[in-house]
Amino acid sequence: QVQLVESGGGPVQDGGSLILSCEASENTYDTTCMAWFRQVPEKEREGVAIIYTGSLSTYPRNTQYADSVKGRFTISQDRAKNTVYLQMNNLKPEDSAMYYCAAKGVLSGCERWDEYSTWGQGTQVTVSS
């Protein structure tokens, strides 16, 4: 099972930017969907962004975003580095959360947030006003 390690979280001012990184232990981009989630205490984990950049003809390369982050966050993948990034711009206090990287196999598609089953340990983002 692929191991995921997040980094890049920290404190930031309202309106600021951060880049989160998620390094995978192996190169699985053809068979794996990658995603970022976030969670605040006493609330359910929320899907933020999804990416698939593999070459399987059955599944198109695509990205997907939660409505709350569209236009502000960008997910990308550097396949040579086995790393997925989350560029977060115009951050707001309500973006404060523990951010998790996640993975799932691509065979059933990438769109279902509830199918992600491999998780990193998380990185904390705190946005102050």
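**Notebook: Thr-126, the fold and the salt bridges**

I began at Thr-126 and listed what it touches beyond four places away in sequence: Gly-10, Pro-11, Val-12 and Ser-96. I note here that the model is predicted. Next I looked up which element holds Thr-126, and found strand β11, residues 123-128. I also checked its distance to Pro-93, which is 33 residues away along the chain. The C-alpha atoms of Thr-126 and Pro-93 are 7.3 Å apart.

Is Thr-126 buried or exposed? Neither word fits, because its relative accessibility is 38% and that counts as partly exposed. The cut-offs I needed were under 20% for buried and over 50% for exposed.

**Entry on the whole chain**

I counted the secondary structure elements and got 0 helices and 11 strands. Read along the sequence, the pattern is therefore β-β-β-β-β-β-β-β-β-β-β. I then looked up the radius of gyration, which is 14 Å. The globule rule also gives 14 Å for 129 residues, so the protein chain is as compact as a globular protein of that length. Along the principal axes, the C-alpha atoms fill a box of roughly 45 × 25 × 25 Å.

How much of the chain is buried? I found that buried residues make up 44% of the 129 residues. For contacts with a separation of 6 or more, I noted that 62% are between residues 24 or more positions apart. The exposed surface comes to about 6,700 Å², and carbon and sulfur atoms supply 47% of it.

I looked at the charges as well. The protein chain has 11 positive and 15 negative charges. The mean positions of the two groups lie 4 Å apart.

**Entry on salt bridges**

Side chains of opposite charge can pair when their charged atoms come close. I looked for such pairs and counted 6 salt bridges.

I took Arg-38 as the starting point. One partner of Arg-38 is Glu-46, with the closest N and O atoms 2.8 Å apart. Glu-46 is partly exposed, because its relative accessibility is 32%. Arg-38 has a relative accessibility of 6%, so I entered it as buried.

Arg-38 also forms a salt bridge with Asp-95, where the closest N and O atoms are 2.9 Å apart. Where do Arg-38 and Asp-95 lie? Arg-38 is in strand β4, residues 32-39, and Asp-95 is in the loop between β8 (83-88) and β9 (97-105), so the pair ties together parts that are 57 residues apart in sequence. I checked burial for both partners, and Arg-38 and Asp-95 are each buried.

I then moved to Glu-115, which forms a salt bridge with Lys-104. Their closest N and O atoms are 3.3 Å apart. Glu-115 sits in the loop between β9 and β10 (118-119) and Lys-104 in strand β9, so this pair ties together parts 11 residues apart in sequence. Glu-115 is partly exposed because its relative accessible area is 29%. Lys-104 is buried, because its relative accessibility is 6%.

Which residues are joined by salt bridges that share partners? I found one network made of Arg-38, Glu-46, Arg-72 and Asp-95.

Key:
Residues are numbered from 1 along each chain as its sequence is written. This is a predicted model: local features need pLDDT of at least 70, side-chain atom pairs count only at pLDDT 80 or more; totals for chains, interfaces and linings use all residues. Side-chain values use heavy atoms; hydrogens and water are left out. Helices (H or I, at least four residues) and strands (E, at least two) are DSSP runs, numbered from the N terminus. The radius of gyration is taken over C-alpha atoms; the globule rule is 2.2 Å times the number of residues to the power 0.38. Buried means under 20% relative accessible area, exposed over 50%, partly exposed in between (1.4 Å probe, protein chains only). Contact means heavy atoms within 4.5 Å. Accessible areas come from the Shrake-Rupley method with a 1.4 Å probe; for residues, only the protein chains shown count as cover. Lys and Arg count as positive and Asp and Glu as negative; His and the chain ends are not counted. The place of a charge is taken as NZ of Lys, CZ of Arg, CG of Asp or CD of Glu. A salt bridge is a side-chain nitrogen of Lys or Arg within 4 Å of a carboxyl oxygen of Asp or Glu.
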